Amino acid sequence: MTDTTPSTQRCGYVAIVGRPNVGKSTLMNLLIGFKVSATANKPQTTRHSIRGILTEDDYQMIFVDTPGIHRTSKSLLNKTINLEAVAALEGVDAVVMIVEALKWQDEDDLVLQRLGHVTCPVFLVANKVDRIEKKERLLTWLPDVLKKYPFKEIFPLSATKGTNTQQLKAALAKVMPQQDWVYAEDDVTDQSTRFICGELIREQLMTYLHQEMPYSTAIEIETFEEKPKLTEINAVIWVSRENQKGIVIGNRGDTLKRIGSSARIALEAFLERKVMLKLWVRVEENWENSPRHLQSLGIST
Ligand SMILES: Nc1nc2c(ncn2[C@@H]2O[C@H](COP(=O)(O)OP(=O)(O)OP(=O)(O)O)[C@@H](O)[C@H]2O)c(=O)[nH]1
């Protein structure tokens, strides 16, 4: 425990925004030092506004990890993700917009448009600088970026390597308002354990299926039982077509077995105990357009 008295505490909400695949989840996980949201080398893996909590010194930052903002949103699922992304910006104390360094795209302009009404400080992270050989190229790129929006500060950094992230943290801490902490000092997330387990399974699904699968899959944790020696988890992988079921299961069940054993290892690391994981694949046609189904999966419509 620290001896910080309530009157000197600072606490605020930070939204992380950016087009798909720029590194939002990676950055948030790095900042809070705990793996909460699904990261995979695929766009659009984040479906919920996941919060991570960082409590250090006298401040607490509550991160809202927004889903990607998409240009075309035909299905109800994508519309829901878009609405959540915009709603996540209301009432925050700082926004971190992430782009890929030297690679400003039309989709980044679209994200900027959504920041039009934001009154809190907006910081820009130019991520993945580890991929740039000639770092001096940033010097000509950064002034152009500053013309697009009055960013409070720009941080070129690498979320995977961790370079320059302390400076970002310090800058954010400075703008957190003075108020009591919302969460206990050792909380890292307010998401339920079940939800995080679902995300860990989904991450493995994305990793193993690469380009073969459309994004119409969701994970439902059906049962979660803490037994004396292990935790028993039954999870359903929902797909929207019969042929997708075959892809997830794979030849003689090979793919599902591989997803299951990697997911079990990730779950055991997270829960810090043995896990027995059973995965089922079920089909509900067009689930991403069914409000009832989305709600049952915890995706609010
Ligand atoms: N080289 C490099 N790769 C990175 C960096 N940060 C993230 N990545 C990779 O970029 C990919 C996407 O990262 P995520 O954190 O899942 O991106 P996201 O913005 O949360 O993606 P969505 O959930 O699709 O919106 C992953 O393969 C990361 O490992 C970085 O600093 N350098």
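Here is a short set of questions and answers about the predicted model shown above.

User: Happy to start with the ground rules: from which number are residues counted, and what pLDDT do local features need?
Analyst: Residues are numbered from 1 along each chain as its sequence is written. This is a predicted model, in which side-chain atom pairs count only at pLDDT 80 or more, totals for chains, interfaces and linings use all residues, and local features need pLDDT of at least 70.

User: Which element of the protein chain has the highest mean pLDDT?
Analyst: Here pLDDT is the predictor's confidence in each residue, from 0 to 100. The protein chain has a mean of 80, and 74% of its residues reach 70 or more. Elements are DSSP runs numbered from the N terminus: helices (H or I, at least four residues) and strands (E, at least two). Helix H2 (residues 76-87) has the lowest mean, 57, and the highest, 96, belongs to S5.

User: How many contacts does the stretch 37-48 have beyond near neighbours in sequence?
Analyst: Over residues 37-48 the pLDDT is below 50. Where pLDDT is low, the predicted coordinates should not be read in detail. Taking a contact as two C-beta atoms, placed from the backbone, within 7 Å, the model gives this stretch 39.

User: What is the handedness of the crossover from S5 to S6?
Analyst: Strands pair if DSSP finds at least two bridges between them; S5 (residues 122-127) and S6 (residues 153-156) do so in the parallel sense over four bridges. One of the bridge partners is Ile154 in S6, matched with Leu124. With the strands pointing away from the viewer, a path from the first strand over the helix to the second that runs clockwise is called right-handed. The chain passes from S5 through helix H4 (residues 137-148) to S6, and this β-α-β crossover is right-handed.

User: Why do S7 and S9 each have one side without a neighbour in the sheet?
Analyst: The open sheet has mixed pairing and the order S7-S8-S9. Strand S7 (217-226) and strand S9 (274-283) each have a single partner strand, so one side of each is left free, which comes down to their place at the edges.

User: At about what angle does H8 run to S9?
Analyst: Strand S8 (residues 230-239) runs parallel to S9, joined by 10 bridges. Angles run from 0 to 180 degrees between N-to-C directions, with axes as lines fitted to C-alpha atoms, for helices over the stretch in contact. Helix H6 (residues 193-209) lies across S7 and S8, at about 130° to S7. Helix H8 (residues 254-271) packs on the sheet, touching S8 and S9, and its angle to S9 is about 135°.

User: Which residues touch the most other members of the largest nonpolar core?
Analyst: A nonpolar core is a set of buried Ala, Val, Leu, Ile, Met, Phe, Trp, Tyr and Cys residues joined through C-beta atoms within 7 Å. A residue is buried with 20 or more other C-beta atoms, placed from the backbone, within 10 Å of its own, exposed with 12 or fewer, and partly exposed in between. The largest core has 37 residues, and those touching the most other members are Val14, Ile16, Phe63 and Met97.

User: Is Arg252 buried or exposed?
Analyst: Arg252 lies in the loop between helix H7 (242-249) and H8. Its phi is near 50°, a positive value in a residue other than glycine. Because 8 other C-beta atoms lie within 10 Å, Arg252 is exposed.
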